[in-house]
Every structure is written in structure tokens, then in C-alpha cells.
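Got the viewer open? Here is a short walk through the model, one selection at a time.

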Amino acid sequence: MAYETLIVEIEDYIALIRLNRPDALNALNSKLLSELSEALRAADADDSVRCIIITGSEKAFAAGADIKEMSQKSFVEMFGTDFFAADSDCIMRTRKPIIAAVSGYALGGGCELAMACDLIIASDTAKFGQPEINLGVVAGLGGTQRLTRFVGKSKSMDMHLTGRFMDAAEAERCGLVSRVVPAKDLLVEARKAATKIAEKSMLTAMAVKECVNRSYETTMREGILYERRVFHALFATEDQKEGMAAFLEKRQPQFRDK
Ligand code: HXC
């Protein structure tokens with residue numbers, strides 16, 4: 001499918017979704033978010049996709065929600081349409097793993113979009129920030145909640161209150177990103193990670209996502225119980241039998257998502 005604000009390529013079981021509004025540093029407008037929602041829904045339903053990468057340009061992953069589009073909106077419009085709620089939920093509904101490959105600016109909604117993905121691989125040029133306070137608003141796509149859980153209260157307050165940017169080294173130090181790679185290698189490294197994930201049983205990968213995400217939604221005791229039940233349930237799959245047999249027979253497993 002052709003999109004106006006995205007370039008989507010599917011190759012070797014990986015769907016690469018590139019945000020493509022270069023004139024606005026990939027600012028997230030309604031069109032882009034609804035197309036992203038559609039592209040994720042399509043990738044989730046496509047058997048030839050086993051991992052998804054969302055990326056931007058070298059200069060910007062995304063510089064935030066589109067300020068031009070929002071600036072004149074009223075409270076009634078924002079609240080009445082529950083602005084961005086439907087399309088931003090699409091990431092949480094996606095069951096296949098999503099990697100954010102971030103180069104350059106990931107600000108405001110761009111930082112929030114990256115954090116909503118399952119893991120972030122950053123180039124050494126990446127800059128993260130929640131500068132909404134400079135516009136007289138707060139984050140609106142989960143930034144105050146996710147950043148706080150990722151990096152702790154003090155640093156989250158610092159980012160949201162001062163609006164300062166965090167470079168890639170600091171982002172890695174404080175656990176916001178999983179790895180930092182040289183800018184020129186960003187997509188190669190993201191594809192390598194995606195290929196590793198794509199080789200697993202999709203059933204198990206989706207189960208991992210559910211368990212890790214559950215840790216943000218519930219108590220430790222409930223989360224551990226949930227994990228144990230999922231662990232038990234996977235013994236009903238052929239892929240568990242295959243994975244363990246392959247180990248014992250000293251060969252690579254052939255998972256069939258069954
Ligand atoms: C609309 C944007 C934009 C944005 C950049 N542009 N960010 N347009 N919305 N968020 C546009 C600029 O207007 C400009 O267009 C072009 O992209 C290039 O940007 P410059 O500012 O000229 O580039 P540069 O000097 O390199 O500065 C880069 C920058 C700066 C530091 C990233 O653009 C910036 O501060 N952007 C805004 C960041 C921000 O406040 N984000 C939070 C948004 S609120 P023209 O036409 O002039 O060339 C948000 C809320 C989320 O995200 C919650 C939603 C529910």
C-alpha cells in the first residue's frame with residue numbers, strides 16, 4: 001500500500017516503516033499517525049512479517065507532534081476527538097515486536113513514539129527530549145508515564161520541567177535505550193536485532209511482549225504469577241518441544257509458530 005507520510009518496505013521477514021515528512025522533521029500529524037496505525041495493523045496481520053522497525057531520517061526520528069496542526073485547536077476539539085488517542089493506541093495493540101531505530105531528534109511525541117515501541121536502538125547522534133513545557137503544554141502520548149518508569153522520577157522531572165535534550169550516551173546510561181551504535185550503522189544494527197527476533201517462535205516472542213508489558217500494569221506478585229502461567233502455557237506448543245529437542249540434539253531449532 002502507498003502512503004503519503006511513510007515509506008514501508010518488507011524484506012526478509014522485517015517490515016521497515018520509515019516516517020517520511022522531511023520538511024517538518026517527521027512531525028507527527030493526524031495523517032502520519034493514522035497511516036502509521038494502518039501500517040502497523042497491516043504488518044501485524046501479514047505472515048511474511050516477523051519483526052517491525054520504525055525509523056525516521058538521519059536528522060530526525062520525529063520532532064514531536066505537529067505544532068502547526070495543533071496550535072489553533074480548542075479544548076473542545078482536543079477533548080471531543082480525544083486527540084491522537086485512537087491512533088496512538090495502535091502501537092500498544094501490535095503483537096509483533098517493534099524496534100524504534102532512532103537517529104537525530106526524538107522530541108515530544110517523537111520520544112513518546114519511540115518509548116511506546118518494544119526497544120530503542122539509538123544512533124550516537126540521537127537526542128531525546130520532552131520539551132512540551134516550552135509550548136505551554138505537557139506530554140500527551142504517554143511521556144510523563146513512560147519516561148518516569150524508564151529513567152526514574154528525578155531525571156524524568158528534569159526532562160519535562162527544563163525541556164532539555166538528552167544525548168545518546170546519557171540515554172543509554174539511564175536505560176532509555178537498549179544500545180547505541182554509530183549513525184552510519186543504525187539500520188544495519190536494527191536489522192540484525194530484528195533478524196534475531198524474526199528467527200524465534202512468533203508465539204514465544206508475543207508471549208515475551210505480553211509478560212514484559214504486564215510488568216508496567218500490575219504488582220510484582222501478579223506479574224510473576226502471570227509470567228509463570230504463560231511459561232506453563234507454552235508447554236502446549238510444538239515450538240517448546242522443538243526448541244528443547246533442538247538444544248538436546250545440538251542443532252538449530254526450526255520453529256513453526258505452532
Ligand atoms: C511542526 C516542525 C516541528 C514540529 C520542526 N518542525 N519540528 N513543524 N511541528 N514539532 C519544522 C520547522 O517548523 C521547520 O519548518 C522545519 O521543521 C525544520 O525545523 P527547524 O526548527 O528549522 O530546524 P532546526 O533549527 O534544526 O531545529 C530542530 C528542532 C526544532 C530543535 C527539532 O525544530 C524544534 O525545537 N522543534 C520542535 C520540538 C518540539 O517542541 N516538540 C514537541 C511538540 S509537542 P519550516 O517550514 O520553518 O522550514 C508534542 C506533544 C505530543 O510533541 C503529544 C500529542 C498528543
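Select Lys127 and Tyr105 to begin: the charged end of Lys127 sits over the Tyr105 ring, 5.6 Å from the ring centre. Keep in mind as you click around that this is a predicted model.

For another case of a charge over a ring, jump to Arg214 and Tyr226. Here Arg214 lies over the face of Tyr226, and the distance to the ring centre is 3.8 Å.

Now for ring against ring. Searching the whole structure turns up 5 aromatic pairs. Show Phe83 and Phe84: their ring centres are 4.0 Å apart and the planes meet at 25°, under the 30 degrees cut-off, so this pair is stacked. Are these two rings buried or exposed? Phe83 has 17% relative accessibility and counts as buried; Phe84 has 11% and counts as buried too.

Next, pick Phe150 and Tyr216. This aromatic pair is edge-to-face, with 6.0 Å from centre to centre and 70° between the planes. The pair ties together distant parts of the chain, 66 residues apart: Phe150 belongs to helix H6 (residues 143-151), while Tyr216 is in the loop between helix H10 (202-214) and helix H11 (220-233). Colour by accessibility and Phe150 comes out as partly exposed, at 23% relative accessible area. Tyr216 is likewise partly exposed, with a value of 32%.

Last stop, the ligand. Select the residues around the ligand and you should get 23, of which Lys59, Ala63, Ala65, Ile67 and Gly109 come nearest. Which of their atoms should you zoom in on? Try these polar contacts:

- Lys59: an N or O atom of the side chain is 2.8 Å from a ligand oxygen.
- Ala63: a backbone N or O atom is 3.0 Å from a ligand nitrogen.
- Ile67: a polar backbone atom is 2.9 Å from a nitrogen atom of the ligand.

Switch on the ligand's surface while you are here: on its own the ligand exposes 1000 Å², and the protein buries 65% of that. Then turn on the cartoon. Helix H2 (67-70), strand S6 (105-107) and helix H5 (109-116) are the elements that each give two or more residues to the shell around the ligand, and H2 gives the most, with 3 residues. Finally, colour that shell by residue class: you'll find 13 nonpolar, 4 polar and 6 charged residues.

Definitions and conventions: Residues numbered from 1 in each chain as written. Predicted model: local features only at pLDDT ≥ 70, side-chain atom pairs only at ≥ 80, totals over all residues. Heavy atoms only, no water. Near = heavy atom within 4 Å. Polar contact = N/O pair within 3.5 Å; in protein donor to acceptor, adjacent residues only side chain to side chain. Areas by Shrake-Rupley, 256 points an atom, 1.4 Å probe, with all protein chains shown as cover. Helix = DSSP H or I, 4+ residues; strand = E, 2+ residues; numbered from the N terminus. Nonpolar A, V, L, I, M, F, W, Y, C, P; charged D, E, K, R; others polar. Phe/Tyr/Trp six-rings, centres within 6.5 Å; stacked < 30°, edge-to-face > 60°. Buried < 20%, exposed > 50% of the residue type's maximum accessible area, 1.4 Å probe, protein only. Lys NZ or Arg CZ within 6 Å of the ring centre and 35° of its normal.
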